Amino acid sequence: MKLQDTLELHVKTAVKALFQSELESVEFQATRKEFAGDITIVVFPMLSVVKGNPAAIGEQIGEYLQNNVDLVKSFNVVKGFLNIEIADSYYINFFNSIKDSEDYGFSKNKDDKAVMVEYSSPNTNKPLHLGHVRNVLLGYSVAEILKASGKNVYKTQIINDRGIHICKSMLAWKRFGNGETPESTGLKGDKLVGNYYVEFDKAYKKEISELIAKGQSEEDAKKNAPVLLEAQEMLRKWEAGDKDIVALWETMNGWVYDGFEETYKAIGVDFDKNYYESQTYLLGKEFIAEGLKTGVFFKKNDGSVWCDLTEDGLDEKIVLRSDGTAVYMTQDIGTAIQRIKDYPDVGGMVYTVGNEQDYHFKVLFLILKKLGFDWAKNLFHLSYGMVDLPSGKMKSREGTVVDADDLIQEMADTAEEISKELGKLEDYSEEEKKSLYKIIGLGALKYYILKVDPKKRILFDPKESIDFQGNTGPFIQYTYARIQSILRKSNQDSSVTLSQFEMQLQDKEKQLLKQLEQFPVVIQNAAEQHSPALIANYTYDLVKDFNSFYQNVPILGADTEHEKAFRVALSKTVGQTIKNAFGVLGIDVPERM
RNA sequence: GGUGGCAUAGCUCAGCUGGAUAGAGCACCUGCCUUCUAAGCAGGCGGUCCUAGGUUCGAAUCCUAGUGCCAUCACCA
């Protein structure tokens, strides 16, 4: 039984014995550093049942607990707070129960219903940038956290592979590309296609100004520019299945997928299944037709199909254009249904998408409910804040985006620079060094992004590089490496049992044990709240405590063998917990650094 | 204008279902490497928790109103 639950029973018994009153619940909190004790009972809420002075009541309950409960070693009362010191034996028993477990913190019970997490939805006309990076890191981590909390999880992405934006790149490539390929240029496929998207925009802008010079209004010029008309014509041909256009579309999308794959691999994320909008929008249309029959949707005079959500406090929403073509909503309805068809064990889905689409997902979930799907009540939009630059929003066409591949490389470069200054890796091979720089650089980037609450927007200043000191990924990785160094030197048989030790825990040791005890709770909270930030902040607290212990208490140089054995085992368990916590954040830990 | 989100130290962020004197990191200042990795430790400086009301034993936290920033309200995605 959990410490709190045990104590709660005893406190209720105490109150009954002392005051002949029944408590509904007992309020606990961690004892603040400046007071003696491990756990604190707040007396104030009891006053509604027990009349009297809070401090005096606290004294009496404390006295009772000390005399009747073995766990309670001593107590003190400050105002209405009853601080209780827990016996060392409790913490030693706890430690023995977890110290050899490699998956400490992870739930062993598995739900039979799975959850699908979507955490990337790129367009295939340009490379991934910092905004996608936040999306991907967040979603990957939430998927891993859900797994750790006992869920079966499928990771997926939705690739927006059709539409006018792709035709723009295709058209520009046809016009100016001279048959260039990733092989002929040495460029990553997504970069090559992205370049032509920019080329299109240049040509488009040029034609607009030419038309304006000829006397057209800006509005007309934007509509009449020949390249745009041609791109639109291309889209119509694509939808009609024109062989050449479809072939070109397949080729260029193929280049982009290869490029994306490389970036995902560099980031260290993967997917169990990819979905493509070109393959799901038709299913969406089917269900629009279905919904028309059942009255979920209605048709306007011009032929467009809508869903009336005014009774739910929203507006009318279009689900099919008057020309019968699909909109975004159509595709998303189709994709959701397709996923449940493919994975019947899925009972809910998480969509990792920026908060600019809050309204869209509110509507999507509502429509799926109206269509009568029982899984529709378990849909969650993991909405996150934008990543802004000091100059404002990132815009690909204005060249103000922070490219994902470049960013990852820069982080590794910074790690290399710092490592060289510190000069601790002389005996490493070039290959080992390179892999370590990547681990550290990525660790810095991922931690930087994941430690902030998903809801909040992030301001990223490319000129001020991400820190490697303080509350950062490398700081935590460094602590892990230190622990591994101790383990290498100790040569300790890890199977020691510590219950036999007659020992007095030091404050720093007890603090670590208390912190370790929290880890499974933190995992569950993070899963419920879909927040990797909780894991990141927990890990930082744990690591701060460990470093304080490390620097103030001798481990290998302990006075007795018993103490040494305990401290080595404690260090090992902290290391394992760091590894597990960082694992669900998608961050690697190094053996040395 | 309607709706939603955010607002805590110079900067970046914590602060769990309301609880003790609001916490970290960066930056700035002081100490600590011939003992387990100084990407570290120990300490100092730094606050109108956006504003005004309200709820109560008690509010950064909950409620109301206002201010500021962001997003959204398209036959765009």
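**Entry 1: K433**

I looked up the burial of K433 in this predicted model. K433 counts as buried because its relative accessibility is 16%, and the cut-off for that class is under 20%. I placed the residue in helix 15, which spans residues 430-450. Setting aside neighbours within four places in sequence, I found K433 in contact with L425 and Y428.

**Entry 2: H165**

I then turned to H165, which lies in helix 5 (residues 164-176). Its relative accessible area is 13%, so I recorded H165 as buried. With residues up to four places away in sequence excluded, H165 touches N123, N125, N160 and Y197.

I also consulted the UniProt annotation for residues 122-132, where an unreviewed entry gives "short sequence motif: 'HIGH' region". In the model, the C-alpha atoms at the two ends of residues 122-132 are 8 Å apart. I noted 27% helix and 0% strand for this span.

**Entry 3: Backbone angles at Q20 and K79**

I checked two residues for the sign of phi. Q20 is not a glycine, yet its phi is positive, at about 55°. Q20 sits in the loop between helix 1 (3-19) and strand 1. I classed Q20 as exposed because its relative accessible area is 63%.

K79, also not a glycine, has a positive phi of about 50°. I located K79 in the loop that joins strand 3 (72-78) to strand 4. With a relative accessible area of 66%, K79 is exposed.

From the record I took a further annotation: the unreviewed UniProt entry assigns "domain: Arginyl tRNA synthetase N-terminal" to residues 5-86. I found the end C-alpha atoms of residues 5-86 to be 14 Å apart, and the span to be 37% helix and 26% strand.

**Entry 4: The surface near RNA strand B**

Which residues come nearest to RNA strand B? I listed D302, R321, K424, Y478 and Y550, out of 64 residues around the strand. By class, the residues of this surface divide into 27 nonpolar, 18 polar and 19 charged. On the RNA side, 61% of the strand B atoms within 4 Å of the protein belong to sugar or phosphate, and the rest to bases.

I next examined individual polar contacts. For Y550, a backbone N or O atom lies 2.3 Å from a base nitrogen of RNA strand B. For I555, a polar backbone atom is 3.2 Å from a base nitrogen of the strand. In D315 the side chain is involved: one of its N or O atoms is 3.1 Å from a sugar or linking oxygen of RNA strand B.

I then listed the elements that give two or more residues to this surface: strand 1 (27-30), strand 4 (81-86), helix 14 (404-422), helix 16 (473-490) and helix 18 (532-552). Which helix gives the most? Helix 18 does, with eight residues.

**Entry 5: Chain A as a whole**

Last, I recorded the totals for chain A. Its secondary structure comes to 19 helices and 14 strands. The C-alpha atoms fill a box of roughly 95 × 65 × 45 Å along the principal axes. Of the 593 residues, 53% count as buried. I noted an accessible surface of about 28,400 Å², with 47% of it belonging to carbon and sulfur atoms. Among contacts with a separation of 6 or more, 73% join residues 24 or more positions apart.

Note on methods:
Residues are numbered from 1 along each chain as its sequence is written. Chains are lettered from A and ligands numbered from 1 in the order in which they are written. This is a predicted model: local features need pLDDT of at least 70, side-chain atom pairs count only at pLDDT 80 or more; totals for chains, interfaces and linings use all residues. Side-chain values use heavy atoms; hydrogens and water are left out. UniProt positions are given in the numbering used here, feature names are shortened, and annotations may be inferred rather than shown by experiment. Helices (H or I, at least four residues) and strands (E, at least two) are DSSP runs, numbered from the N terminus. A residue is near a molecule or strand if one of its heavy atoms lies within 4 Å of it. A polar contact is a pair of N or O atoms within 3.5 Å; within protein, one must be able to donate a hydrogen and the other to accept it, and residues adjacent in sequence count only if both atoms are side-chain atoms. Ala, Val, Leu, Ile, Met, Phe, Trp, Tyr, Cys and Pro count as nonpolar, Asp, Glu, Lys and Arg as charged, and the others, Gly among them, as polar. Buried means under 20% relative accessible area, exposed over 50%, partly exposed in between (1.4 Å probe, protein chains only). Contact means heavy atoms within 4.5 Å. Accessible areas come from the Shrake-Rupley method with a 1.4 Å probe; for residues, only the protein chains shown count as cover.
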